[in-house]
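Reader: I have some labels to check. Please take me through the reasoning behind each.

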Amino acid sequence: MKKATIYARVSTERQEEQKTIESQICELREACKKDGVVIVKEYIDDGFSGGILARPGLDQLRDDVSRGLFNTVYILSPDRLARKYLFQALVIEELKKKEIEVIFLNKPVTDSPEDQLLLGIEGLIAEYERAKILERTRRGRLHRAKNGEIMGGSAPYGYDYLAKTKQRAAYYKVNEKEAEVVRIIFSLYLRFRSTSKIVKVLANKKIRTRNNSKYWSKGMIHRILTNECYLGTTYYNKHDRSGGKRRKRERNEWIPIKIPKIVNDEIFELVQKVLKSHRGGKRRRIYILSGLMRCENCGSKYIGLSSNKGRHFYYRCGNLVRRFPLPKNCDSRPVKAERIESAVINAIKNALLRPQILINHVLGLARNILEKGKNAKKDKERLTSKMNSLEYKKTRLLELYLEKIIQKSTYLEKRKEIEEKEKELEKRKEDVSHVAPYIDKPLIIQNVKYFSKLAKEMIETLEPQKLQEFLAYLIDEITFNSNKGEVKISGHIPITKKMDDSNYDTLSHFSPDLMNETRNNKLKFELEVKV
Ligand SMILES: [Zn+2]
């Protein structure tokens, strides 16, 4: 009797179209059974690339070959053995020398020279062609770039791209109108030293962007101010896009291509210096309420700003920014940063200091959740009993069919009906389980108590950056009325199923999962203070 072995492999790259290791093994076992051969050993490489031959399973198989354990190897297809033809051929050749037959389920091979040729040649040609084309285009482009030819269609602002013709290579030609704007932008920056000021001046002068938009962004201005191409050199091969990611190459790999100059060296260098000094010189203050506070009057977000060269900090209604270049239409006043920040923090701390009041408050707002939770419990019980009765019906139906009381067609039809009902109930059961029926009064009380204790500690000890993160998590929104000096804070307390001290040990406990869970549960609180 033939003694066989099977070899199966899957790589870790799951996007590659391949069967799971189990289904591969299954298919191979089936085939052996069909052929009436006994499997003496199975070799499996789970999670190994076919790009290399060094794999534990395959190594073992090749070692065992000389021990005469088997005379046939079953493999799903040649690419399971190796991705490259050369490697495939190598192993097949090796096995053949020991008079071992290789059977590919998806590609039957005989010893005929034609088959042998076919097995390899397809892959070989494809590989060769691919490599050649890749190399040809990549090297071709590099070569053309080295000869000063422009690659790619879109020119930077200030230039037009002229495609290549029979007479000449592609190149960038100066677009006089745009080039003038580039020069204006550079000189405006040296005058005002502010990109937002440039945005305003350009809007006033009615200078449009290349896409004919009335408004320039600060980012667009910044990109122009830092683009070296205006000095007369653009670079090819600056980025490596292989492997799906864009990565900047080492500077010595860039290939310079001469183009017309638009800005002179002195001005360009001066601008870079000013840009650098602005970046380094700014005192960074963390506005812990930024992004959280809204103007009650107009709905804009309040934004953190400094004045008098960073000596004063305040929050201002962002209406002007939102409506720019239209004039602002909100008369909300700015508020000193320290004043509103400490008001918000004190309000939260005070609430946390008296958990009993917070508990009553939260419980009042949580009435809905508790109600839903109770109903969910009942719904779940009801659905479970319904499903049980369907199960019984199904068994009964089968009995009727087996006792030949009903026909097969009737049986199948009725069974399908029942199964459809089951599916629907299953879905409803899942919906209900999202309602989190585990939430009850004691759990809420416990949660608020633990949370109060920990949150108070955190607010007192956290660095501004961490404090901002924590507040962003705790607070849903702050609305501010600058005329009345009223601050309304709404937020929610996280709630977790498993309650013990360790749950609230650290801030790291607030994992994204828990946050989402608690966002859905919404144990809300609302606070009001005056500033
Ligand atoms: Zn406003």
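Author: Below are questions about a predicted model, each answered from its values.

Reader: What makes the four cysteine sulfurs donors of the zinc ion?

Author: Distance. Cys295 (SG), Cys298 (SG), Cys317 (SG) and Cys330 (SG) lie 2.3 to 2.4 Å from the zinc ion. A donor must be an N, O or S atom within 2.8 Å of such a metal, so these sulfurs count. Along the chain, the donors follow the spacing C-x2-C-x18-C-x12-C.

Reader: Why is the site of the zinc ion called tetrahedral?

Author: The angles among its four donor atoms are 97 to 119 degrees. Four donors count as tetrahedral if all angles lie between 85 and 135 degrees, so the site qualifies.

Reader: Where do Cys317 and Cys330 sit in the chain?

Author: Cys317 is in strand β13 (residues 312-317). Cys330 is in the loop between α10 (319-323) and β14 (335-336). They are 13 residues apart. Cys317 and Cys330 are both buried, which means under 20% relative accessible area.

Reader: How do you know that β11 and β15 pair?

Author: Three bridges join strand β11 (residues 293-295) to strand β15 (residues 475-481). Pairing takes at least two bridges, so they pair. The two strands run parallel. Met293 has Ile478 as its bridge partner in β15.

Reader: What makes β15 and β16 a pair?

Author: Six bridges connect β15 to strand β16 (residues 486-493). At least two are needed, so this is a pair, in the antiparallel sense. Thr479 has Lys488 as its bridge partner in β16. Their hairpin has four residues between the strands, and Gly485 takes a positive phi near 70 degrees there.

Note on methods:
Residues numbered from 1 in each chain as written. Predicted model: local features only at pLDDT ≥ 70, side-chain atom pairs only at ≥ 80, totals over all residues. Heavy atoms only, no water. Donors = N, O, S within 2.8 Å, 3.2 Å for Na, K, Ca; no water. Tetrahedral: all angles 85-135°; square planar, octahedral: opposite > 155°, others 65-115°. Buried < 20%, exposed > 50% of the residue type's maximum accessible area, 1.4 Å probe, protein only.
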